[in-house]
Amino acid sequence: MAQQFLHKQTIKNKDSICDWYKKKSAQVAVPFYSSYDIRDSGYKVTNVDANIYPAGFNNICPTDKETAVDLVEKYFTLHYAKPIKKIVLVTEEHTQNAFYWENISSLMDMITNSGREVRVAFINPVPEGYTLQSSTGREIPVYSVSGNGGIFPDFNPDLIISNNDFSLSFDEWAGTLQKPMNPPRELGWYQRKKSRYFKFYNQLVNEFCEVAEIDPFLMRVETEIFENFDIGSETSRAELAGRVEHMLTNLKKTYAEKGITQEPFVFVKNNSGTYGLAVIRVGNPQEVKEWSYKSRKKMKAAKGGRDVEEVIIQEGIPSIVQSDGASAEPVIYMLGCELAGGFLRTHAEKDATESLNSPGAVYKKLCVTDLQVKPEGCPMENVYGWSAKLGLLAIGLEAQEMGVQFKEYQKASC
């Protein structure tokens, strides 16, 4: 099993790996928070998605929520010379999604329990006295954020934290913004590319595996970009099918060399997508040519109604992880460069090769705080945690290549 071998090697080379991670983390700016979807197929463990504006903090282990308070304090103390005492949390505008607001409630608690004031705001205008209710009945006052961040006469924030993923750019609003924002708007999905993230992730896997004395195959996920995608064009779909066939052929050859019997498959994903939208599993290139109206509609538009103009073709990683008989995948949350929490995303109606990030998913316990007790006895948290940490470094390199600035932020090693 790859997980056991990876665990053994990371424990064996722990000092060298931690030194490497410390040096790499000092070279990049890392966002306040992030989350990572991990797939464990038995023959490899890898990162298949990364979210810079994560929801779902309500689903992480209760013990992790408690220790996250100290990580909030550590991040602000380490990365900001100016004291961060007042925070505005800019959110998505899912007014009817009570579970999203439970996520915001959990975030508010983590921040306020670290000794800071926090207020919640939309980018768009809201009525005076507006409140929304979380799934546990908590009422959350919501305000409208103005361009200069001075949202209320009695509240002048030191920092804006965004839980809005900026699938839309909000250029006009951003042009008047004077307060620092973390994560920066410029890392939003209006211009972020999954292909860039996975380019850096796989590069970092190669470096990490050299230090840990591991075959990089055990942690890589093969990913290619397909530009100028047009779901309505038969020519474009035929070209995509050809690229899918090429990847499947190469994967089949590699799997045979590694003694892996898994029949290869891929996912075609929107290159700038979120919420599991515009994602389709493909086991045969002919499927792409014969996509039904429903499938073509699924690949036509992403969040906010934006057209899907680029996709990635990504190696499909089946999941051997299960919870109560349902297929599952670990999701790891980070605050800065520290593991902050996690859960298992399960789905009783999906099999091990399908995307589990879809309606009907159920969340089960997975605590990264177990690592603080004895990492040698926690292979899942250890191995999945290192995949997440590589993902964080990849985000830092993404931001660097994109020229994204973290205003008033100071770099520091973990």
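The lining of the second largest pocket in this predicted model divides into 12 nonpolar, six polar and five charged residues. The pocket has a volume of about 500 Å³. Its lining has 23 residues, and those closest to the centre are Glu338, Leu339, Leu371, Trp386 and Lys389. Several elements contribute. Helix H1 (2–12), helix H2 (14–25) and helix H3 (62–79) are among those that each supply at least two lining residues. Strand E15 (338–347) and helix H10 (379–402) likewise supply at least two each.

Enclosed space was also examined. The count comes to two cavities of 30 Å³ or more. The second largest cavity holds about 60 Å³ of space. Helix H3 gives the largest share of its lining, with five residues. The lining consists of Leu71, Lys74, Tyr75, Leu78, His79, Leu335, Gly336, Cys337 and Glu338. By type, these residues divide into five nonpolar, two polar and two charged. Glu338 thus has a place in the lining of this cavity, and Glu338 is also listed among the residues closest to the centre of the second largest pocket.

Strand E12 comes next. This strand spans residues 311–315. Five of its five residues are buried, so E12 is largely enclosed by the rest of the structure. In a regular strand, side chains alternate between the two faces of the sheet. In E12, Val311, Ile313 and Glu315 point one way. Ile312 and Gln314 point the other way. Residues on both sides are buried.

E12 pairs with strand E9 (residues 223–226) in the antiparallel sense, over four bridges. Within that pairing, Glu224 stands opposite Ile313. Strand E10 (residues 266–270) also runs antiparallel to E12, and five bridges join the two. Here Val266 stands opposite Glu315.

Glu315 also leads to Lys44. The side chains of Lys44 and Glu315 make a polar contact at 3.1 Å. Lys44 lies in the loop between strand E1 (33–40) and strand E2 (45–51). Is this loop residue buried or exposed? Lys44 has a relative accessible area of 1%, which is under the 20% limit, and therefore counts as buried. The Lys44 side chain also reaches the backbone oxygen of Phe217, at 3.3 Å. Beyond residues up to four places away in sequence, Lys44 touches Ala2, Arg39, Phe217, Leu218, Arg220, Glu315 and Ile317.

A second loop residue, Ser319, lies between E12 and strand E13 (322–323). Its relative accessibility is 6%, so Ser319 counts as buried. Which backbone atoms lie by its side chain? A polar atom of the Ser319 side chain lies 3.2 Å from the backbone nitrogen of Val321. A polar atom of that side chain also lies 2.5 Å from the backbone oxygen of Ala328. With residues up to four places away in sequence left out, Ser319 touches Arg39, Asp40, Ala328 and Ala352. Arg39 is therefore a shared neighbour: Ser319 touches Arg39, and Lys44 touches Arg39.Another part of the model holds an open sheet of six strands, in the order E5-E6-E4-E3-E7-E8. Its pairing is mixed. The edge strands are E5 (131–133) and E8 (181–182), and each pairs on one side only. Inside the sheet, strand E3 (residues 86–90) and strand E4 (residues 117–122) pair in the parallel sense. Five bridges link E3 and E4. Lys86 stands opposite Glu117 in E4.

Thr235 offers an exposed example. Thr235 is placed in helix H7 (residues 234–258). The relative accessibility of Thr235 is 61%, which is over the 50% limit, so Thr235 counts as exposed. How far apart are Thr235 and Ser387 in sequence and in space? They are 152 residues apart in sequence. In space the separation is 37 Å, taken from C-alpha to C-alpha.

How values were computed:
Residues are numbered from 1 along each chain as its sequence is written. This is a predicted model: local features need pLDDT of at least 70, side-chain atom pairs count only at pLDDT 80 or more; totals for chains, interfaces and linings use all residues. Side-chain values use heavy atoms; hydrogens and water are left out. Buried means under 20% relative accessible area, exposed over 50%, partly exposed in between (1.4 Å probe, protein chains only). On a 1 Å grid over the protein atoms alone, a cavity is a set of points where a 1.4 Å probe fits but cannot get out, and a pocket is an open set with protein on both sides within 12 Å along at least five of seven lines; lining residues have an atom within 4 Å of a point. Grid points are joined across faces, edges and corners, and a volume is the space filled by probe spheres set on the points. Ala, Val, Leu, Ile, Met, Phe, Trp, Tyr, Cys and Pro count as nonpolar, Asp, Glu, Lys and Arg as charged, and the others, Gly among them, as polar. Two strands pair if DSSP finds at least two bridges between them. A polar contact is a pair of N or O atoms within 3.5 Å; within protein, one must be able to donate a hydrogen and the other to accept it, and residues adjacent in sequence count only if both atoms are side-chain atoms. Contact means heavy atoms within 4.5 Å.
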